[in-house]
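Here's a quick tour of one sheet and the helices worth a look around it. Pull up the structure and follow along.

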Amino acid sequence: MKTWILLITAGIACSLASGTAEDNEETEPAHASSAGLYTDPDSCRGRCHEPYNKQDECHCNTKCEKHRNCCEDYHMHCSKDGRQKDPMAGPADSMEGFSSSHDSITNEELLSISEQLFKVDHNKAQKSDITINPQHLASSAETKDKEDHSPEPLYTYVNEKLFSKPTYASFIKLLDNYQRMTGRREVFSAEQLKEQENFLQEVMKTELMIKLYNFLHKKKRYSTQEEFVSDLKEMWFGLYSRGKDEGDSSGFEHVFSGEVKKGKVSGFHSWIRFYLQEKKGLVDYYSHNYDGPWASYPDVLGMQFSWDGYFKEVGSAFIGCSPEFEFGLYTLCFIARPGKMCRLSLGGHQLGIQTYTWTKSTYGNNRKYIATAYVTSS
């Protein structure tokens with residue numbers, strides 16, 4: 001069982017994803033049978049020369065990175081110009097995630113842009129705004145025992161004046177718009193749909209999200225800010241089905257609001273959501289298995305907790321960051337390293353963000369929805 005340990009990014013800890021592989025299994029990739037004599041429908045082996053075909057499960061042409069619909073092994077089998085690689089060659093690393101040199105996003109550029117975003121998180125909590133009480137440090141064995149090792153809440157104090165800031169206020173309004181049980185169709189009122197629009201409008205007023213857009217525009221991911229915002233709405237708020245009922249989940253619901261699937265907490269990586277639910281008595285903090293190296297907020301924390309009776313073995317979160325900070329970092333990594341580990345740097349400390357794409361349905365030109373995104377220790 002793979003364990004994802006939470007990091008706390010500079011400042012207040014935002015929890016890291018857990019070690020239950022639940023975030024991994026939530027992507028539920030479809031395994032098709034056969035789609036040809038010599039090729040698999042979900043592999044690029046022998047397919048790098050193929051033109052785009054909307055009937056394909058995933059794609060292997062040079063534009064698949066832009067549309068985020070490549071097969072998972074695209075970089076193993078295809079070179080940057082779309083030709084078949086030497087079958088003995090390993091995965092491409094130097095330009096990991098992109099198809100051509102003029103629009104590639106290198107590992108070094110990810111480290112640089114993440115530090116820039118960290119520096120312009122003007123709405124983050126200050127050290128005096130949040131006091132947490134991590135209490136028990138759990139061993140790897142203890143993360144699974146479902147025992148409450150911490151008698152006190154995680155949050156001792158939060159300056160709720162933070163929540164009056166426009167990005168916080170618009171973010172919080174979204175959190176109660178969802179049914180947490182997977183398999184129950186989500187239906188939004190006109191007011192709730194407007195709340196999604198308002199959140200996107202507010203975050204796009206921040207220097208952080210403008211800097212992110214300018215970076216992605218320079219890398220030829222988006223031509224206009226309007227195109228960027230439209231894609232944000234689809235990738236984060238577009239509905240798909242984790243259960244049997246169509247339209248019961250979205251990237252935003254899963255990552256920030258949290259869901260319950262097969263009797264376990266799934267997603268739920270928002271420190272704001274955690275605090276508000278803990279304040280209501282719905283979250284019971286058990287222990288932590290990781291506390292990040294940052295001396296200010298945001299920070300990263302890996303936690304065990306119960307949400308209204310449902311257990312989370314390891315949940316990671318940024319603590320004390322603004323909504324636009326984690327929204328922006330997760331977006332950056334989903335675009336730059338979809339379905340892969342995305343290595344960033346915050347305040348001189350490196351950390352990872354893992355994203356997964358939803359493979360069962362798409363939007364637009366076969367673009368993929370966000371299945372999950374969370375911070376890790378590597």
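The notes below start with the sheet, then turn to its helices, and end with helix H10.

## The sheet

First, a caveat: this is a predicted model. The sheet here is an open one, built from 3 strands in the order E10-E11-E12 with antiparallel pairing. Strands E10 (341-346) and E12 (367-376) sit at the edges with a single partner strand each, so one side of each has no neighbour in the sheet. On average, neighbouring strands are turned by 30° against each other, if you ignore direction.

Zoom in on E11 (residues 349-363) and you'll find 8 bridges joining it to E12, with the two running antiparallel. If you want one pair to click on, try Tyr356, whose bridge partner in E12 is Thr372.

## Helices on the sheet

Helix H11 (residues 323-336) packs on this sheet and touches E10, E11 and E12. Its direction makes about 70° with that of E11.

Then there's helix H4 (residues 107-119), which lies across E10 and E11. H4 runs at about 50° to E10.

## Helix H10

How much of helix H10 (residues 271-279) is buried? Most of it is covered, with 7 of its 9 residues buried. The buried set mixes residue types: Trp271, Ile272, Phe274 and Tyr275 are in there, and so are Arg273, Gln277 and Glu278.

Both ends have a detail to check. At the start of H10, a side-chain oxygen of Ser270 comes to within 3.3 Å of the backbone nitrogen of Ile272. Just after the helix, Gly281 adopts a positive phi of about 85°.

Conventions: Residues numbered from 1 in each chain as written. Predicted model: local features only at pLDDT ≥ 70, side-chain atom pairs only at ≥ 80, totals over all residues. Heavy atoms only, no water. Pairing = 2+ DSSP bridges. Helix = DSSP H or I, 4+ residues; strand = E, 2+ residues; numbered from the N terminus. Axes fitted to C-alpha atoms, helices over the stretch in contact; angles between N-to-C directions. Contact = heavy atoms within 4.5 Å. Buried < 20%, exposed > 50% of the residue type's maximum accessible area, 1.4 Å probe, protein only. Polar contact = N/O pair within 3.5 Å; in protein donor to acceptor, adjacent residues only side chain to side chain.
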